[in-house]
Amino acid sequence: VVHHGQKHHAETIAITDKLLKTDPANWRALRLRGDAYLSLGNQPAAIKDYDAALKVEPKEPGLLNNLAWVLATSPDDKLRDAKRARELAELACEATQYKLPHILSTLGAAYAEAGDFDGAKKWLLKALELAADDDAQKDHLRKELASYEKREPWRELQSPDDDKPVDEKKPAD
């Protein structure tokens, strides 16, 4: 977790690989490795790990959110799945009582991916209400909202060359 927090994603993957050899159903390790893969731009590997983790812990809101996010926002057309993204995001919102802005943002992204930009804007406005005094989060949410106002879905660009996402939005911790 420390390595991931310090953006040492390759080290995070190496450590979680070792852990998963002895405990392949460790959903936290799968989630952490998925997050590291996502940060490196390896979205197919992240999806695989999130799916495996959800088989063990199917109601964990962070897992539901992160998988929904990548399925709604991937720049790779083959990886996006608007219907599944929306289903997962709704489960994550229900589990968190619709009170976490970043999870509402994911639901908005899923609506936008499905072409429902009015629904996307509704959830982004609710997320902005809940973002309170977090100016960085509000700035990001406003960028997403502007995209939906232009009737454009959000795309999470990844840059594996510099070991961190180009966009500052990060999946849930």
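This is a short walk through one predicted model, from the overall layout to two helices and the core.

Okay, the overall layout. We have 9 helices and 2 strands, and going from the N terminus the order is α-α-α-α-α-α-α-α-α-β-β. The protein has 173 residues, and 50% of them are buried. If you take contacts between residues at least 6 apart in sequence, 54% of those join residues at least 24 apart. As for the surface, about 8,900 Å² is exposed, with carbon and sulfur atoms supplying 52% of that.

Now let's look at H6, residues 82–95. How far apart are its end C-alpha atoms? They are 20 Å apart, and that agrees with the expected span, because 14 residues at 1.5 Å a residue should give 20 Å. The buried residues in H6 are Ala82, Ala85, Leu88, Ala89, Ala92 and Cys93. These sit on the same side of H6, because they cover an arc of only 140 degrees around the axis. And what do they pack against? That would be H4 (43–56), H5 (61–73) and H7 (101–113). Just after H6 you get Gln97, with a positive phi near 55 degrees.

On to H7, which is mostly covered: 12 of its 13 residues are buried. Among them are Ile103, Leu104 and Leu107, but also Ser105, Thr106 and Glu113. From first C-alpha to last, H7 reaches 18 Å, close to the 18 Å expected at 1.5 Å a residue. The buried residues of H7 pack against H5 and H6, plus H8 (117–130) and H9 (135–149). H7 is followed by Gly115, again with a positive phi, this one near 90 degrees.

That brings us to the core. In soluble globular proteins, nonpolar side chains tend to be buried together. Here, the largest nonpolar core has 47 residues, and the ones touching the most other members are Leu67, Leu88 and Tyr148. Which helices each supply at least two residues to this core? H2 (9–22), H3 (27–39), H4, H5, H6, H7, H8 and H9. H5 gives the most, with 8 residues.

Last stop, Leu67. Setting aside neighbours within four places in sequence, Leu67 is in contact with Ile47, Tyr50, Asp51, Leu54, Arg84 and Leu88. We already met Leu88 as one of the buried residues of H6, so have a look at that pair in the viewer.

Technical notes:
Residues are numbered from 1 along each chain as its sequence is written. This is a predicted model: local features need pLDDT of at least 70, side-chain atom pairs count only at pLDDT 80 or more; totals for chains, interfaces and linings use all residues. Side-chain values use heavy atoms; hydrogens and water are left out. Helices (H or I, at least four residues) and strands (E, at least two) are DSSP runs, numbered from the N terminus. The expected span of a helix is 1.5 Å times one less than its number of residues. Buried means under 20% relative accessible area, exposed over 50%, partly exposed in between (1.4 Å probe, protein chains only). The arc is that of the directions from the helix axis to the C-beta atoms. Contact means heavy atoms within 4.5 Å. Accessible areas come from the Shrake-Rupley method with a 1.4 Å probe; for residues, only the protein chains shown count as cover. A nonpolar core is a set of buried Ala, Val, Leu, Ile, Met, Phe, Trp, Tyr and Cys residues joined through side-chain atoms within 4.5 Å.
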